[in-house]
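Reader: I am new to this structure. Please take me through one part of it closely, with its contacts.

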Amino acid sequence: MSPTAGATTLVARRSTRFTAWVRAWRAGLVPFDDLAEEITTFAPDEEHLAADAPGTWSDVPLGTALPAFAKLHPDEIRLVLPVPGDPRGLPGPGEFTNAALAAGEGVLARGFGLVPEVRTHTSGSGVTFSTVLWRFHPLPDTALRASLTEPSAAEAEADLSAALAESTTALTRLDIAHWRPELAGALAAIRKPDAGTDLPAGFDPRARRLYARAAVLDRVLALAETAAPGGAVNNFEAQQRDAALRPLTTACRRALVAACNAPLRL
């Protein structure tokens, strides 16, 4: 596997795919029978369950909980990718907001929100596997208002391009290739969208292009947040790296939100 390919195989944010595919289903563009499989296809080894879903009294398979969205319009299902200091899209204090901030992601809908909780298990033979528990949180219908002020896909695409150019220049100056060659290679290749990272039917070409680019870049940035191998980066260098990547990380999150929440062509 090439360094660039290795840098872009980290798990994507689960809520991005969840939001996009559930919205496409509610627009009549994706059959319900395929929905749960499409949501989880990026990580087939994970088990996906739902907790506290309407009409249930225990943890259930994700597909069993998806009918909770059956009466919603696609625009009543929104992606949020908040971080401390940038709670954009969140409805205000409460259990959903706390959980979404802790996870860095969530799905906001009319009447409730979901946040994926990832649990890692180790079998008796030493095999490690994960369970993703999508926990439902009741919310007032007005909670959606906060998510309707996001930038458009066009605005987010322009911001992402500008941030990518600025960060690439800064990382080149920091000689990132010396200590993280796979990240440097991935940043160079990111200008070409990943054909395997796509949105379902109904999203226009701009949203699809933006999502393909931002989804791969998001995983590259997750790699950048990890320590360099062999202690190749000292604290000062790590601070410089973080400062160079911070605007790009913000632009990337907002690009994913704008792409997944873009209006659908019914």
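Author: Here is a close look at helix 2 and the salt bridges around it. The model is predicted: local features need pLDDT of at least 70, side-chain atom pairs count only at pLDDT 80 or more, and totals for chains, interfaces and linings use all residues. Residues are numbered from 1 along each chain as its sequence is written, and side-chain values use heavy atoms, with hydrogens and water left out.

Helices are DSSP runs of H or I with at least four residues, strands are runs of E with at least two, and both are numbered from the N terminus. Helix 2 covers residues 14-26. Its 13 residues should span 18 Å (1.5 Å times one less than the number of residues). Its end C-alpha atoms are 19 Å apart, which agrees.

Of the 13 residues, 12 are buried, so helix 2 is largely enclosed by the rest of the structure. Buried means under 20% relative accessible area, exposed over 50%, partly exposed in between (1.4 Å probe, protein chains only). Among the buried ones are Phe18, Trp21 and Trp25. Glycine 28 follows the helix, with a positive phi near 80 degrees.

Now the salt bridges (a side-chain nitrogen of Lys or Arg within 4 Å of a carboxyl oxygen of Asp or Glu). Arginine 23 pairs with aspartate 75 at 3.0 Å, N to O. Aspartate 75 sits in the loop between helix 4 and strand 3, 52 residues from arginine 23 in helix 2. Arginine 23 is buried at 0%, whereas aspartate 75 is partly exposed at 36%.

Arginine 13 bonds to aspartate 218, with the closest N and O atoms 2.7 Å apart. Arginine 13 lies in the loop between helix 1 and helix 2, and aspartate 218 in helix 8, so the pair ties together parts 205 residues apart in sequence.
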